[in-house]
Amino acid sequence: MAELRGLDVQVRPLYGDLADAATPARLVAEAVEFCGGLDGLVANAGIMQGGALLDYAPAAWDRLFAVNVRANWLLARAAQPALAESRGSLVAVASMAGMHPSPGAGAYSPSKAALIMLCRQMAQEWAGQGIRVNSVSPGMVRTPLTEKVYQNAEVAARRDAIVPLGRVGAPEDIAGVVAFLLGEDSRYLTGQNLCADGGYTNSILAFLPGLPKAQ
């Protein structure tokens, strides 16, 4: 935030529990009042609670869907009038886990898969108003949420090694994709899910024993 203020940008942090159904509309109203409208909305909140589905608590399932899916819908619905006025763009942050099952991750993969479809449906319903809706599905990214995993140097090195581009992502790698989807260069894209994973999710066949090696 200090960096933004150093660029003479006005910043106002807004806070709320997105599991509360009343919070998204309040946050959007405060943002619209502060900004005088909205050109773009990035829905980046997400939570995870692992566990086998056979043992998973319904309350945990409901909370993950409330934050990872419902809050995105409610944020988008509240922002729709302002985005229609500006012919703006909405970007939601999903996950590669929404494209592939993640055993042991509880409701996380189902919730992110639902988010991807939610964005596709909103894109269709709001395209006539000039609103573009897309999602980004990050692969492995080193963030404060995942930092504990990377404190194990061996695990961190193994993760780097299985990514075709040779490294786990950084937040800036995902921010660049989000900025592209918000900006004018992506003006003809809507209803798309961009997987930003360094090539990882497409690399499964490379691990089959006996395949010829690329030269």
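The exercises below work through helix packing, an aromatic pair, cysteines, backbone angles and contacts in a predicted model.

Residues are numbered from 1 along each chain as its sequence is written, and side-chain values use heavy atoms, with hydrogens and water left out. Because the model is predicted, local features need pLDDT of at least 70 and side-chain atom pairs count only at pLDDT 80 or more, while totals for chains, interfaces and linings use all residues.

**Exercise 1. Helix packing**

Describe how helix α2 packs with helix α3, and classify the residues in contact.

Step 1. Two packed helices are described by the angle between their axes and the distance between the axes. Helices are DSSP runs (H or I, at least four residues), and strands are DSSP runs too (E, at least two), numbered from the N terminus. Axes are lines fitted to C-alpha atoms, for helices over the stretch in contact, with angles from 0 to 180 degrees between N-to-C directions.

Step 2. Helix α2 covers residues 23–35 and helix α3 residues 58–86. Their axes lie 8 Å apart, at an angle of about 35°.

Step 3. The crossing of α2 and α3 is right-handed (the near helix is turned clockwise from the far one by less than a right angle; anticlockwise would be left-handed).

Step 4. Contact means heavy atoms within 4.5 Å. On the α2 side the residues are Pro 24, Ala 25, Val 28 and Val 32, and they meet Ala 71, Leu 74, Leu 75, Ala 78, Ala 79 and Ala 82 of α3.

Step 5. The contact of α2 with α3 has ten nonpolar residues, no polar and no charged ones. Here Ala, Val, Leu, Ile, Met, Phe, Trp, Tyr, Cys and Pro count as nonpolar, Asp, Glu, Lys and Arg as charged, and the others, Gly among them, as polar.

**Exercise 2. Aromatic pair**

How many aromatic pairs does a search of the whole structure find? Describe the geometry of Trp 61 and Phe 65.

Step 1. Rings of Phe, Tyr and Trp (its six-membered ring) pair if their centres lie within 6.5 Å; planes under 30 degrees apart count as stacked, over 60 as edge-to-face and the rest as tilted. The search finds one aromatic pair.

Step 2. Trp 61 and Phe 65 form a stacked pair, with 5.0 Å centre to centre and 20° between the planes.

Step 3. Trp 61 and Phe 65 are four residues apart in helix α3, so about one helical turn separates them.

Step 4. Buried means under 20% relative accessible area, exposed over 50%, and partly exposed in between (1.4 Å probe, protein chains only). Trp 61, at 32%, is partly exposed, and Phe 65 is partly exposed at 22%.

**Exercise 3. Cysteines**

Count the disulfides, then assess Cys 119 and Cys 195.

Step 1. A disulfide is a pair of cysteine sulfur atoms within 2.5 Å. By this rule the count is zero.

Step 2. For Cys 119, the nearest cysteine sulfur is that of Cys 195, 14 Å away, and Cys 119 is in no disulfide. Cys 119 is buried, at 2% relative accessibility.

Step 3. Cys 195 is likewise in no disulfide. Its relative accessible area is 28%, so Cys 195 is partly exposed.

**Exercise 4. Positive phi**

Place Asp 8 and Arg 87 in the fold and state their phi values.

Step 1. Most residues other than glycine have a negative phi, and most peptide bonds are trans.

Step 2. Asp 8 is not a glycine, yet has a positive phi of about 65°. Asp 8 sits in the loop between α1 (2–6) and α2 and is exposed at 73%.

Step 3. Arg 87 has a positive phi near 55°. Arg 87 belongs to the loop between α3 and β2 (89–93), where it is exposed at 58%.

**Exercise 5. Leucine contacts**

Which residues does Leu 38 touch, not counting residues up to four places away in sequence? Treat Leu 27 in the same manner.

Step 1. Leu 38 lies in the loop between α2 and β1 (40–43) and is buried, at 10% relative accessibility.

Step 2. Leu 38 touches Val 28, Ala 31, Val 32, Ala 79, Ala 82, Leu 83 and Ser 86. Leu 38 and Pro 81 are 43 residues apart in sequence and 9.2 Å apart, C-alpha to C-alpha.

Step 3. Leu 27 lies in helix α2 and is buried at 13%. Leaving aside neighbours within four places in sequence, Leu 27 is in contact with Leu 14, Tyr 15, Gly 16 and Leu 18.
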